[in-house]
Amino acid sequence: MVKITTVKTKPYTDQKPGTSGLRKRVTVFQQNQHYAENFIQSIISVIDPAERQTATLVVGGDGRFFMKDAIQLIVQIAAANGINHLVIGQNGIMSTPAVSCVIRKIKAVGGIILTASHNPGGPSGDFGIKYNISSGGPAPEGITNKIFEISKGLQEYHICPELKVDLATIGKQTFEVDTFKPFIVEIVDSVEAYAEMLRGIFDFAALKDLLSGANHINVRLDAMHGVVGPYVKKIVCEELGSPANSAVNCVPQEDFGGHHPDPNLTYAADLVNTMKSGEYDFGAAFDGDGDRNMVLGKHGFFVNPSDSVAVIGANITCIPYFKKTGVKGLARSMPTSGALDNVAKALKMQLYETPTGWKFFGNLMDAGKLSLCGEESFGTGSDHIREKDGLWAVLAWLSILASRKQSVEEIMKDHWQKFGRNFFTRYDYEEVDSDSANKMMKDLETQMSDPSFVGKQFSSGDKTYVVAVADNFAYTDPVDGSVSKNQGLRIIFSDGSRIIFRLSGTGSAGATVRLYIDSYENDAQKILQDPQVMLAPLVDIALKVSQLHERTGRTGPTVIT
C-alpha cells in the first residue's frame with residue numbers, strides 16, 4: 001500500500017501561467033522549496049474531486065533538463081489526489097502536438113506538458129509546466145486564473161513520496177494507493193498515436209513517392225535536439241522512406257545540444273547554411289516541443305511563416321483531410337502578415353484575426369468555425385488537434401510539392417504573382433529591462449492616443465505614410481463574447497501598411513520587445529525584392545516614433561525574421 005503524505009507549504013506569488021504555462025529558469029524550480037510541487041498541486045486542484053476517480057491525465061515533455069524529476073512529482077501528486085490513470089510518453093518524451101492528439105483520442109480530462117518550447121534548456125536554461133484541457137488545447141484564461149488563485153493561497157499539497165515509476169518500459173504499472181482505488185500509470189510509445197492520426201490526414205503513398213520514389217526529392221530535417229527527433233525518424237525516415245541521414249539532431253538532449261531550439265534564421269543557422277549548398281530541395285527545422293517549424297527551399301530560400309500558412313490555404317485541397325472536412329474558415333494572429341487575408345478574399349472564405357495565443361484559435365475550432373490557422377512566430381496548424389503542429393505543417397508543404405511538382409521557390413513566387421506579396425519582418429529585442437520596456441510602451445500608447453496622431457504624416461527616404469488607425473488591439477471572441485484587451489499597439493497607415501509593437505510573455509527573464517512590419521505590394525516588378533530593403537522606411541519610422549533603441553539601450557535587435 002502506497003502512503004499519502006500531506007506536506008505543509010507556503011504559497012508563491014509568481015506562479016501565474018501565461019498563454020504557454022508557467023515558465024521560469026530551471027533554478028527557480030530547483031532552489032525554491034516546494035516550487036514545482038505547489039504548482040502541480042494547483043493544476044490538479046482545478047480538476048473536480050468527484051471527477052478524479054475516473055480521470056485520465058496525459059503527461060509528456062520535450063526532454064529538457066528537470067523534465068524527469070517533474071514527471072515523478074506529477075505521478076506522486078496525482079496519485080495522492082485521487083487521479084485514476086496517467087498516460088505518459090516513453091522516457092517522458094511526447095511532443096506538444098502529440099499530447100494534444102492523445103488527450104483527444106482517449107478523451108482524457110487534460111494533460112500536463114513539461115516544456116519551455118523554443119527557450120534554451122539545460123541546468124542554466126528554462127523549464128515550464130503547462131496544462132491543457134480536455135479539448136487538447138492550452139487551458140483558457142478562466143482556468144489559468146483559477147490555477148493562479150489556488151497557488152496564491154496554497155498551504156499544503158498531497159504526495160506519495162515513495163511511489164516511483166519506470167518511464168522506460170512500455171505498459172501499465174498499477175499501484176495500490178491508500179484511501180483510493182488502484183492508481184494506473186501507463187507508459188506508451190511516444191509516436192504511435194500521433195503517426196496514426198497523420199496517416200488519416202495526408203496521402204502517405206504520395207509522400208512516400210516524393211521522398212523515396214524514382215524521382216524523389218532530397219530533404220534535410222533538423223530536430224534541433226528537441227522532441228521531434230523520434231517523430232521524424234519514425235514517420236519521415238522509416239515509414240515514408242527518406243534516407244536516415246536526411247534527419248539530423250534527432251536525439252532529444254536535456255540542453256538541446258547547447259543550442260537555442262528555436263527554428264528561425266538566427267538559431268537554425270546550421271540548417272540555413274547546409275541548404276545554401278543546393279544539395280537539398282526542401283529543408284525544415286522544429287523547436288524544442290515540436291509545435292513550431294521553419295520551411296526552407298533549395299539554396300536556403302526562406303519561407304516566411306506568414307506566407308507559409310497562406311500557401312497551405314491556397315493549396316488546401318492537396319491535403320485529403322480537408323477534402324473530407326471542407327474548409328470552415330481561416331485565421332491568423334494579429335501581428336501575422338495579411339498574406340492569409342488575400343487568400344481568404346480570393347477564395348471567399350471567412351477570415352478571423354485573433355490575439356497571439358493558440359487558445360483563441362481553439363475556441364473557433366471547437367465552434368466549427370475554423371480549419372487552418374497560423375502565427376508569424378513559426379506556428380502553423382489546423383483543427384486536427386488544438387495546438388500548432390510543426391511536423392503537420394512540414395507534411396502539408398511536402399503534400400503541396402508532391403501535388404504541384406514544383407520547387408518551394410516556384411510555388412512561393414507563383415503565389416505572390418497570383419495574390420500579391422505581404423513584405424513582413426519581425427525584430428526581437430530579447431531580455432530587455434522590463435521597466436524600460438513597459439515605460440516605452442506606455443509612452444508610445446499615450447502618444448498614439450492623442451487625437452491628432454491619426455492623419456499624421458511620417459516620411460523616410462522617398463516614402464511618406466499617413467496614419468489611418470492607431471490603437472491597442474482588442475478582440476471580442478465571436479464564440480463566447482469574451483473580450484481580450486491590450487493585445488498590441490498598432491499603427492495602420494492609409495495604404496494598409498502596419499507597424500505593431502508587443503511585449504512578449506514567453507521568455508523567462510526580462511522582457512522581449514517585438515516590432516512587426518507588414519506592407520502589401522502587388523506590382524510584379526517589386527514583389528521579388530528583399531523584404532529588408534522594401535521595409536526599411538517603415539522600420540526607420542517605427543524606431544523613430546517609439547525611440548526603441550534609445551529607451552532600451554539597444555543598438556539593434558537580437559533576432560530579425
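Student: Where along the chain is K3 found?

Tutor: This is a predicted model, in which local features need pLDDT of at least 70, side-chain atom pairs count only at pLDDT 80 or more, and totals for chains, interfaces and linings use all residues. Residues are numbered from 1 along each chain as its sequence is written, and side-chain values use heavy atoms, with hydrogens and water left out. Helices (H or I, at least four residues) and strands (E, at least two) are DSSP runs, numbered from the N terminus. Strand 1 covers 5-8, and K3 is found in the segment before strand 1.

Student: Is K3 buried or exposed?

Tutor: Buried means under 20% relative accessible area, exposed means over 50%, and partly exposed is in between, with a 1.4 Å probe and protein chains only. K3 has a relative accessible area of 51%, so K3 is exposed.

Student: Which residues is K3 in contact with, leaving aside its neighbours within four places in sequence?

Tutor: Contact means heavy atoms within 4.5 Å. With those neighbours left aside, the partners of K3 are I159, C160, P161, E162 and D178.

Student: Now for V454: which residues does it touch, not counting those up to four places away in sequence?

Tutor: Look in the loop between helix 17 (434-449) and strand 20 (457-460), where V454 lies. V454 has a relative accessible area of 43%, so it is partly exposed. The residues that V454 touches, with that exclusion, are V467, A468 and A470.

Student: How many Å separate the C-alpha atoms of V454 and N249?

Tutor: V454 and N249 are 205 residues apart along the chain. In space, their C-alpha atoms are separated by 50 Å.

Student: Which residues of helix 5 are buried?

Tutor: Helix 5 takes in residues 96-106, and eight of its eleven residues are buried, so helix 5 is largely enclosed by the rest of the structure. Their cover includes strand 3 (56-61), strand 4 (85-93), strand 5 (110-114), strand 6 (126-133), helix 7 and helix 9. The buried ones are T96, P97, A98, V99, S100, C101, V102 and I103.

Student: How is helix 7 placed against helix 9, and what is the handedness of the crossing?

Tutor: Axes are lines fitted to C-alpha atoms, for helices over the stretch in contact, and angles run from 0 to 180 degrees between N-to-C directions. The axes of helix 7 (residues 192-199) and helix 9 (residues 229-239) come within 10 Å and cross at roughly 45°. Therefore helix 7 is oblique to helix 9 (under 35 degrees is roughly parallel, over 145 roughly antiparallel, 65 to 115 roughly perpendicular, the rest oblique). With the near helix turned clockwise from the far one by less than a right angle (anticlockwise would be left-handed), the crossing is right-handed.

Student: Which residues in helix 16 meet helix 15?

Tutor: The axes of helix 15 (residues 390-404) and helix 16 (residues 408-419) come within 10 Å and cross at roughly 85°. That angle is why helix 15 is roughly perpendicular to helix 16. From helix 15 come W397, I400, L401 and R404, and they meet, in helix 16, V408, I411, M412 and D414.

Student: What share of the 561 residues in the chain is buried?

Tutor: The chain holds 19 helices and 27 strands. Its C-alpha trace spans about 80 × 60 × 40 Å along the principal axes. Of the 561 residues, the buried ones make up 59%.
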